[in-house]
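Hi,

Here is the structure I promised to pass on to you. Have a look at it first, and then read on for my notes on what I found.

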Amino acid sequence: MSKSPITPTIPLDAQGVLHGFLRLPHSRDDSAWGSVMVPITVIANGDGPTALLTGANHGDEYEGPIALQDLAVSLRPEDIRGRVIILPMMNMPAFAAGLRCSPVDGRNMNRSFPGTPDGTVTQKICHFIATELVPMADLVLDFHSGGRTLDFLPFAAAHILDDKTQEAACMAAMQAFNAPYSVRMLEIDSVGMFDTEVERQGKVFVTTELGGAGTATAQSVSIARKGIRNLLIHADILSGTPVVEATIQLDMPDDRCFVFSQVSGMVEYLIELGDTVAQDQPIARVWSSDRTGDHPTACLASRDGILVARHVPGLIKTGDFVGLVAVQL
């Protein structure tokens, strides 16, 4: 395989604090010799573990970028042992446009790993992260929230893995993050995910869903900031005492947790995030949006549990996600 065309503008193995970019040449109509510049900060102090902290894998999710920008200007080398690599806006083209997917090539970064050095812009960025940054890391934290189309209860998550030793380490790190909710998470579409690539490399991986609706709140950013600090303490990179508050344990055991719409129209939610729901109970109903006289179609829960996530826009299409019902442990 050919070498990555991406060049860091800072050394990734230097001590101290360095702010720079991952520079990817990108010739386009408005800049013949232009570049995509992905911001990166490296903070290092001696030997120790390495944490890779990423945000804006999807460009319309903001808790991670805000908290990581704060960390990049506030974390001091003398406060840590080891190294922290910070990518606040890993999908920079999507982030700059406020979109989930890149406007350059239309690709969803979180379905494009491990990437390729001779592919599209998104695939090239993924390849560099997967082959250069992830191998350096002992721990990876990838921030997510619902973006413009989803809203979540604020949770940290780890996945069920074949390697039970690795799974236990991921679950422990997820608990250390200490979000209001902690989820054993099932992915319904894991091919090409950053999560999948990091876990394939045997790393400890934690992800989040900290809200959504295309914005960040004071609460959701506060959860992100606390979680970063707790996780760095857990990894023995940062000294101090973690802030530990009550967390509700949730499980996503199978695909019955997910509810999808079988019709298009105007969605009316019948319960709120955090409410309990029983199997076969309607969580929402969809009204016709182009005629009167039609009764609404109910969207039913397939299991007992708690409504953890929902669709945000008022209109919904056939096949769109309606709700996520997780089981309290």
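Let me start at the surface, where Met266, Trp287 and Leu315 make up a nonpolar patch with about 290 Å² of accessible area together. Please keep in mind that this is a predicted model. Met266 belongs to strand β13, which covers residues 265-269. With a relative accessible area of 41%, Met266 counts as partly exposed.

Two members of that patch also face each other in a sheet: Met266 stands opposite Leu315 in β18. The strands concerned, β13 and β18, run antiparallel and are joined by two bridges. They are part of an open sheet of four strands, with the order β16-β15-β13-β18 and antiparallel pairing. β16 (297-300) and β18 (315-316) are at the edges of this sheet with a single partner strand each, so one side of each has no neighbour there. As a general reminder, strands of a sheet pair through backbone hydrogen bonds, either parallel or antiparallel.

Next, strand β19, which I would look at after the patch. How many of the eight residues of β19 are buried? Six of them are, so to speak of the strand (residues 321-328) as mostly covered is fair. Several strands pair with β19, and here is what I noted for three of them:

- β11 pairs with β19 in the antiparallel sense over two bridges, and Asp251 has Val327 in β19 as its bridge partner.
- β12 (residues 258-260) is also antiparallel to β19, with three bridges between them; Val259 stands opposite Gly323 in β19.
- β17 (residues 305-311) runs antiparallel to β19 and is joined to it by four bridges, with Ile306 opposite Ala326 in β19.

Now to the charged side chains. The model has 16 salt bridges by the rule used, and I picked out a few of them for you. In general, side chains of opposite charge can pair when their charged atoms come close.

Asp60 and Arg148 meet through their side chains in a salt bridge, at 3.6 Å from N to O. What does this pair tie together? Asp60 is in the loop between β4 (50-54) and α1 (63-74), while Arg148 is in the loop between β6 (139-142) and β7 (150-152), so the salt bridge ties together parts that lie 88 residues apart in sequence. Asp60 is buried, at 4% relative accessibility, whereas Arg148 is partly exposed with a relative accessible area of 45%.

The salt bridge between the side chains of Lys164 and Glu167 has an N to O distance of 2.7 Å. Here both partners sit in helix α4 (residues 164-177), and because they are three residues apart, about one helical turn separates them. Is each partner buried or partly exposed? Lys164 is partly exposed, with a relative accessible area of 49%, and Glu167 is buried, with 11%.

Glu245 and Lys226 form another salt bridge, in which the closest N and O atoms are 2.8 Å apart. This pair links distant parts of the chain, 19 residues apart: Glu245 is in the loop between α6 (218-234) and β11 (248-251), and Lys226 is in helix α6 itself. Lys226 counts as buried, at 17% relative accessibility. There is also a network in which Arg76, Glu78 and Asp79 are joined by salt bridges that share partners.

Finally, a few words on the chain as a whole. Its secondary structure comes to six helices and 19 strands. The C-alpha atoms fill a box of roughly 65 × 50 × 35 Å along the principal axes. For 329 residues, a compact globule would have a radius of gyration near 20 Å, and the 20 Å of this chain agrees with that. Of the 329 residues, 52% count as buried. The accessible surface comes to about 14,100 Å², and carbon and sulfur atoms account for 52% of that surface. Among contacts with a separation of 6 or more, 69% are between residues 24 or more positions apart.

Happy to talk any of this through once you have had a look.

Best wishes

Terms used. Residues are numbered from 1 along each chain as its sequence is written. This is a predicted model: local features need pLDDT of at least 70, side-chain atom pairs count only at pLDDT 80 or more; totals for chains, interfaces and linings use all residues. Side-chain values use heavy atoms; hydrogens and water are left out. A salt bridge is a side-chain nitrogen of Lys or Arg within 4 Å of a carboxyl oxygen of Asp or Glu. Buried means under 20% relative accessible area, exposed over 50%, partly exposed in between (1.4 Å probe, protein chains only). Patches are made of residues with over 30% relative accessible area and no salt bridge: like charges are joined within 9 Å, nonpolar side chains (Val, Leu, Ile, Met, Phe, Trp, Tyr) within 5 Å. Accessible areas come from the Shrake-Rupley method with a 1.4 Å probe; for residues, only the protein chains shown count as cover. The radius of gyration is taken over C-alpha atoms; the globule rule is 2.2 Å times the number of residues to the power 0.38. Contact means heavy atoms within 4.5 Å. Two strands pair if DSSP finds at least two bridges between them.
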